[in-house]
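Hello,

Here is the structure I promised to pass on to you. Have a look at it first, and then read on for my notes.

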Amino acid sequence: MQLNLREVLGGLLMFGLGLSVFAYSLLHYSIGSMARPGPGLFPAVIGFAVVGIGVLIVVRGAVAPIAEMPKIEWRNALLITLSVVAFGLTFRRLGVAPSAAITVFIATLADRSMTHLARLATVIALTLLVVIIFKFGVGIRVPLIAGVIY
Amino acid sequence: MSFFDSLIIGIETAMQVDALVYCFIGVTLGTLVGVIPGIGGLAAIALLLPLTYYMKPEVAIIFIAGIYYGGAYGGSIASILLNLPGKASAAVVCLDGYPLARQGKAGLALFLTAVGSFMGSIGGVLILVLFSPPLAVVGLKFGPAEFFALMLLGLVAASSVANGSGLKSLAMVFVGLLIGTIGTDINSGVPRFHFGILQLRDSVSLVTVAMGLFGLTEVIRSVNNVPIIMKPGDITFRSMLPTLAEVRQSIAPMLRGGGVGAFFGALPGTGMDVASFTAYAVEKRVSRNPQKFGHGAIEGIVAPETANNAAGQTAFIPTLTLGIPGDAVMALVLGALIIHGIAPGPSLINNEPALFWGLVVSFVIGNVMLLILNIPLITIWVRMLLIPYRFLYPVVVIFICFGTFSINNSVFDIFVVAGFGVFGYVLLLLGFEPAPLLLGLVLGPMLEERMVRALVISHGDATVFLTHPISGALLVCVFALIGWILYDSFHPPAPAEGPPAQDPETQSKMEF
């Protein structure tokens, strides 16, 4: 039996998500009655529906013709996500300017064609831009450089 | 209140200085976002939404709306000049726009699409004005069961016409509904799915999800993949003006396109993309020599552009009169209304006449601004296309970071947005459309609330949804659509000639 991997994985994801929500709702929240629906009713019903759709998608994956998985941009995903996470970790600890610089730097690493000079220029330019817009314009209550300038 | 009085209120509201300024900024940004491939309008609106918190509600909505319908103008510029659409609804303009440019008629093509866009928008506004008040009157008669059925229909309809698999889009809608349950339940006060994290007791912000799912995911997908732009030539004003024959050729396509667009825009679930593709197909079908399509047929660019602009305006009808968003952007508009403390629904026109009519008048003002921006000032946009994507995407990323933080002054939200960026990318790889998820997220709480209310009023009788005639009829449509989705999933039609085989990047853009 040929398996369309994209469909099967997608269906399994939905199946897993739906089942988790369904089970969690039944275990932790009261379903209530039809006349007095409880907090668990809606999530359980929808979760169950998602399980059903997941099964259908998997079934379709078994019968549908093979399609290619698109190219997975590991580098992009890793670096962009890392840049945002880095922002989250450094924003309050280091301040607006350093965290912006770090974030932009990591984000620009994802592009393969950027020269070192262009990268430096982008980091400086964007750090200045967000400092002006968010620190001086919007007035965000986070230090410019933590411990040094407010 | 008479129509004349409404108009006066609208003009008063829309002519205030801040309304005018933000209308202009909005439509300019919208055009910019529409012009540049790789930057999505949905992400732009999500990013700018927090900025609107400090504006008056009317001004905030005027601003966001400007970005939305402004985007309907700019998308075709790259289509014509570079055979690369700025947004999905402009993809079909590549077919005849790019050949026109190669024949040296780029200026003409740009002029006609701008004029067509303007006509489509004005037509759409007229339909909005004509149909909204009566529709709101009908809507006022709706009870919770009717609203539940209507919202469900909107969600299912959106899945059935989405690009790609209807079944997967339906799954996305439901996942959106589930994400909407995170937080404190309105009906019972019980905090749900917070997993001990304090910030999750307050529900996941719509803007955070949108920024992650559309902003970050788009960046992850696009880095290193946006093609290098060749330098397009400068466009002179003289080269833009059409001959009389060309004008005559354009009138009928504009009318047909406008009609198609107005219809699909107003329908919940369909929007600019469907409108422009359908208008193209209609033109080809009614044309006396269909062979000329694909080689520079004027009808092939005018009709889709008129259609997508008309759709962009009539899309506001279900949102403003019934509180049912037609696509993901309308979902954000709805979210913005809620954030400003305005209850969407049939009573909106009566309770907030300044907002509604001010918005309508701002549409006219905004479209006039856009006409000026897109004809004489077109070279600005042409220059914009030269900026390499590698300088644009870090701006998007850092703005998402700061924007997300500023919603709740919370660092936790930044990790949430990163998470949704990854989640969105996984969904994309597996072939799921993210836009229906946003629809489900916005409508989820309201859907549940109406369902619970209907059940409580009927003392637990679930058949109430079917016995009320309107609700019953709508639910029959829901079942029919679900049946159609299922049928379509397991018996796919033979590939027919339709929208051009776009590269995967444009194909999966269901943002506006």
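Below is what I found, starting with chain A and then moving to the salt bridges.

Please keep in mind that this is a predicted model.

Chain A first. It has 5 helices and 0 strands, so to speak an α-α-α-α-α pattern when read along the sequence. Its radius of gyration is 24 Å, whereas a compact globule of 150 residues would have one near 15 Å. Along the principal axes, the C-alpha atoms of chain A fill a box of roughly 60 × 45 × 20 Å. Of the 150 residues in chain A, 45% count as buried. If you take the contacts in chain A between residues at least 6 apart in sequence, 60% of them join residues at least 24 apart. The surface that chain A exposes comes to about 7800 Å², with 74% of it supplied by carbon and sulfur atoms. As for charge, chain A has 11 positive and 4 negative ones, and their mean positions are 19 Å apart.

Now the salt bridges, of which the structure holds 11 over all chains. The one I would show you first is between K168(B) and E7(A), where the closest N and O atoms are 2.6 Å apart. This pair joins two chains, because K168(B) lies in helix α8 (residues 166-180) of chain B and E7(A) in helix α1 (residues 5-28) of chain A. K168(B) counts as buried, at 2% relative accessibility, and E7(A) is buried too, with a relative accessible area of 9%. Both belong to a network of salt bridges that also links R60(A).

R60(A) turns up again at S489(B), which touches R60(A) and L167(B), leaving aside residues up to four places away in sequence. S489(B) lies in helix α22 (residues 469-490) of chain B and counts as buried at 8% relative accessibility.

Two further salt bridges are within chain B. In one, the side chains of R256(B) and E283(B) meet at 2.7 Å, N to O. R256(B) lies in helix α10 (residues 244-266) and E283(B) in helix α11 (residues 272-286), so the pair ties together parts that are 27 residues apart in sequence. Here E283(B) is buried at 1% relative accessibility, while R256(B) is partly exposed at 32%. In the other, K56(B) and D18(B) meet at 3.0 Å, N to O. K56(B) sits in the loop between α3 (41-48) and α4 (57-82) and D18(B) in helix α2 (residues 17-35), so this pair ties together parts 38 residues apart in sequence.

Best wishes

Technical notes. Residues are numbered from 1 along each chain as its sequence is written. Chains are lettered from A and ligands numbered from 1 in the order in which they are written. This is a predicted model: local features need pLDDT of at least 70, side-chain atom pairs count only at pLDDT 80 or more; totals for chains, interfaces and linings use all residues. Side-chain values use heavy atoms; hydrogens and water are left out. Helices (H or I, at least four residues) and strands (E, at least two) are DSSP runs, numbered from the N terminus. The radius of gyration is taken over C-alpha atoms; the globule rule is 2.2 Å times the number of residues to the power 0.38. Buried means under 20% relative accessible area, exposed over 50%, partly exposed in between (1.4 Å probe, protein chains only). Contact means heavy atoms within 4.5 Å. Accessible areas come from the Shrake-Rupley method with a 1.4 Å probe; for residues, only the protein chains shown count as cover. Lys and Arg count as positive and Asp and Glu as negative; His and the chain ends are not counted. The place of a charge is taken as NZ of Lys, CZ of Arg, CG of Asp or CD of Glu. A salt bridge is a side-chain nitrogen of Lys or Arg within 4 Å of a carboxyl oxygen of Asp or Glu.
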